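Got a minute for a quick look at a fold? Here's a short briefing to read with the structure open beside you.

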Amino acid sequence: MPSSPPSPTPARNRLLHTSHGTHLDAFGAPEWGLLAMIATIWGTSFVFMAVGLEAFEPGLITLARVGLGAAALALVPVARRTRIAREDLPRVALLGVLWMGIPLLLFPVAQQWIDSSVAGMVNGAMPLTTAAWSALLLRRLPGRTQAIGLLVGFVGIVAISLPELPVGATRTGTAQTALGTGLVFAAIVLYGLSANLAVPLQQRYGSLPVLLRAQLAALVVIAPFGIAAIGPSRWDPVAALAMLPLGLLGTGLAFVLMATLVGRVGGPRGSVAVYFVPVVAIAAGVAFRGEQVHPLALVGTALVLAGAWITARREHLPPAPLGRG
């Protein structure tokens, strides 16, 4: 039986609902290990996406990455054989549409008009959108310690990203960059909701069966856009190779790891992994592309680490619900 407080019975029957994590204590080695792997994989995904955009249209990139992710999960017997109750299938399908179907279409479209640093900064807001959705669905505000950690981490994300924003004669302040930023923010709002919806499903069935069926549902939404994008795209072996880690790791493995993490520690605490994504992206740029790091980014990195440590401490649930339970 899970050690977290049980959700009210009516919540189990709602399409949109979440639950607390089963691990309320401070993060241990398993939680930090999951967090590190998620941040590493997603932190390098923007690079592979940029390589793919040199030859492929956004819809084709999304189709390739979700198709490869679903194919990888389908190779695991437990993902195929675990039965999901009929009443939960609509929730799994909705999870696929909201977590992968729509956002993974929005990101490559947005990156045609904005730099990856801008996308990374907006992406860093996911823990806050996750906490907001959690408060709404659970009718309970996050604990004070976790709220402080989330805010400190977000300030760190802003500090990391500000020096990387395009200025001067670059593409700043245009209608296209405004649209691109808005698309990424819309994706992050859906990510925050999805991180909460994944919690009870993961606790009930495990990550692999849920994510396989969710990605198959996402493919239904993505397929028309991907097929339409084949004509305008051109074949390029380097872009095609970039789809392998983007799909097998960034979509297949990382989403399973993220579902496992939020199932253990809850949506708001689990989403702190996203705070490390821009940190990994900066480190990769320095190591492989010789990029310079602004001193403000180093300050931001320290704030991210501090925010993550604060958020990862033992969770004390507030005694009073937010509104009616």
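What follows goes from the whole chain down to one helix pair and a few single residues.

Keep in mind that this is a predicted model. The chain comes out with 15 helices and zero strands. Half-hidden is a fair way to put it, with 50% of the 325 residues counting as buried.

**The chain as a whole**

- About 14300 Å² of the chain's surface is accessible, and carbon and sulfur atoms account for 70% of that.
- Take the contacts between residues at least 6 apart in sequence: 91% of them join residues at least 24 apart.
- The largest nonpolar core holds 81 residues, and W99 and L211 have the most contacts inside it.

**Where α5 meets α11**

- Two packed helices are described by the angle between their axes and the distance between the axes.
- For helix α5 (residues 89–101) and helix α11 (residues 207–228), that angle is about 65 degrees, and the axes are 7 Å apart.
- As for handedness, α5 and α11 make a right-handed crossing.
- On the α5 side, the residues that meet α11 are V92, A93, L95, G96, V97, W99, M100 and G101.
- On the α11 side, the list reads V210, L211, R213, A214, Q215, A217, A218, V221 and I222.
- Sorted by class, this contact has 13 nonpolar residues, three polar and one charged.

**L211 up close**

- Which residues does L211 touch once its neighbours within four places in sequence are set aside? They are L73, W99, M100, F255, V256 and A259.
- Two of these, W99 and M100, are also on the α5 list of residues that meet α11.
- So if you're clicking around the core, W99 and L211 make a handy pair to look at, since they have the most contacts inside it.

**T251 in α12**

- T251 sits in helix α12, which covers residues 237–265.
- Buried or exposed, then, is T251? T251 counts as buried because its relative accessibility is 0%, and the cut-off for buried is under 20%.
- Apart from neighbours within four places in sequence, T251 is in contact with R65, V66, G69, L104, Q215 and L246.
- One of those partners, Q215, is also among the α11 residues that meet α5.

**A72 in α3**

- A72 belongs to helix α3 (residues 58–74).
- With 25% relative accessibility, A72 counts as partly exposed, because that class lies between the buried limit of 20% and the exposed limit of 50%.
- A72 and G252 are 180 residues apart along the chain, yet their C-alpha atoms are separated by 6.4 Å.

Notes:
Residues numbered from 1 in each chain as written. Predicted model: local features only at pLDDT ≥ 70, side-chain atom pairs only at ≥ 80, totals over all residues. Heavy atoms only, no water. Axes fitted to C-alpha atoms, helices over the stretch in contact; angles between N-to-C directions. Helix = DSSP H or I, 4+ residues; strand = E, 2+ residues; numbered from the N terminus. Left-handed = near helix turned anticlockwise from the far one by under 90°. Contact = heavy atoms within 4.5 Å. Nonpolar A, V, L, I, M, F, W, Y, C, P; charged D, E, K, R; others polar. Buried < 20%, exposed > 50% of the residue type's maximum accessible area, 1.4 Å probe, protein only. Core = buried A, V, L, I, M, F, W, Y, C linked by side-chain atoms within 4.5 Å. Areas by Shrake-Rupley, 256 points an atom, 1.4 Å probe, with all protein chains shown as cover.
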